[in-house]
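Please prepare a briefing on the model shown here, with its confidence, fold, core and selected residues set out by topic.

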Amino acid sequence: MKKSLMLVFSLLLLLAAAGSIFAQSTDRDHPTPLKSAEINGDADGSGDEYFYSFVAGPGKLTIMVDVKSEDGTVAIPYELLDKDANEVIICCAFAQANTGGESGRSIESAKLKRRQTVILHLTMNKSYKGTYRVRLSGATELR
């Protein structure tokens with residue numbers, strides 16, 4: 001009995017840890033560490049903000065954001081911030097698709113003078129739904 005209880009507890013702990021690994025952070029001070037150069041998701045109309053951290057530079061970093069609308073205008077605003085979310089490296093960019101079934105793309109680049117931790121901030125559109133994909137290329141180090 002004691003062994004089976006311990007096994008159940010261990011499995012629950014493992015599942016909880018696995019769930020938190022794949023969670024997207026909505027906390028600017030505790031961003032999700034990126035392990036891949038690509039993020040895929042649903043633009044769910046929630047208005048939620050997501051924060052991801054990774055090491056970039058020195059050199060040119062490029063961010064490409066693709067969106068596809070399901071039912072109306074979908075926009076994914078994004079910005080790149082320093083590790084304290086204090087300085088803006090890329091500001092006020094967004095990818096937008098205007099009608100159902102349409103896709104849109106935005107490509108922004110920044111030249112970083114040194115190796116540093118940066119934060120990618122994505123905001124979900126508040127009205128319509130669709131999907132998005134973010135791809136990073138250039139001077140990045142993903143853990």
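The briefing below starts with the model as a whole and then turns to particular strands and residues.

This is a predicted model, in which local features need pLDDT of at least 70 and side-chain atom pairs count only at pLDDT 80 or more, while totals for chains, interfaces and linings use all residues. Residues are numbered from 1 along each chain as its sequence is written, and side-chain values use heavy atoms, with hydrogens and water left out. The protein chain comprises one helix and eight strands, where helices (H or I, at least four residues) and strands (E, at least two) are DSSP runs numbered from the N terminus.

**Confidence**
- The average pLDDT of the protein chain, that is, the predictor's confidence in each residue from 0 to 100, is 86, and 85% of the residues score at least 70.
- Over residues 5–21 the pLDDT stays under 50, and for this stretch the model has zero contacts (heavy atoms within 4.5 Å) beyond four places in sequence.

**Overall fold and surface**
- Read from the N terminus, the elements of the protein chain follow the order α-β-β-β-β-β-β-β-β.
- Among contacts in the protein chain with a separation of 6 or more, 77% link residues 24 or more positions apart.
- Of the 143 residues in the protein chain, 38% are buried, with buried meaning under 20% relative accessible area, exposed over 50%, and partly exposed in between (1.4 Å probe, protein chains only).
- The protein chain exposes about 8600 Å², of which carbon and sulfur atoms supply 54%; accessible areas come from the Shrake-Rupley method with a 1.4 Å probe, and for residues only the protein chains shown count as cover.

**Strand pairing**
- Strands β2 and β8 run antiparallel and are joined by six bridges, two strands being paired if DSSP finds at least two bridges between them; across from E38 stands R135 in β8.
- Strands β3 and β8 also run antiparallel, with 11 bridges joining them, and V67 has Y132 in β8 as its bridge partner.

**Nonpolar core**
- The largest nonpolar core (a set of buried Ala, Val, Leu, Ile, Met, Phe, Trp, Tyr and Cys residues joined through side-chain atoms within 4.5 Å) has 28 residues, of which F54, I63, L120, L122 and Y132 touch the most other members.
- At least two residues of this core come from each of β2 (38–43), β3 (49–69), β4 (74–82), β5 (88–97), β6 (103–112), β7 (116–123) and β8 (130–141), and β3 gives the most, with eight residues.
- Leaving aside residues up to four places away in sequence, F54 touches a set of residues that includes L34, L61, L80, V118, L120, L136 and L142.

**Selected residues**
- T32 lies in strand β1 (residues 32–33) and counts as buried because its relative accessibility is 14%; beyond four places in sequence, T32 touches A23, Q24, S25, F51, Y52 and S53.
- E108 lies in strand β6 and counts as partly exposed because its relative accessibility is 31%.
- Beyond four places in sequence, E108 touches L61, T62, I63, Y78, I90 and A93, and the C-alpha atoms of E108 and E79, which are 29 residues apart along the chain, are separated by 9.5 Å.

**Disulfide**
- With a disulfide taken as a pair of cysteine sulfur atoms within 2.5 Å, the count comes to one disulfide, which joins C91 to C92 at an S to S distance of 2.2 Å.
- C91 counts as partly exposed because its relative accessibility is 44%, whereas C92 is exposed, with a relative accessible area of 60%.
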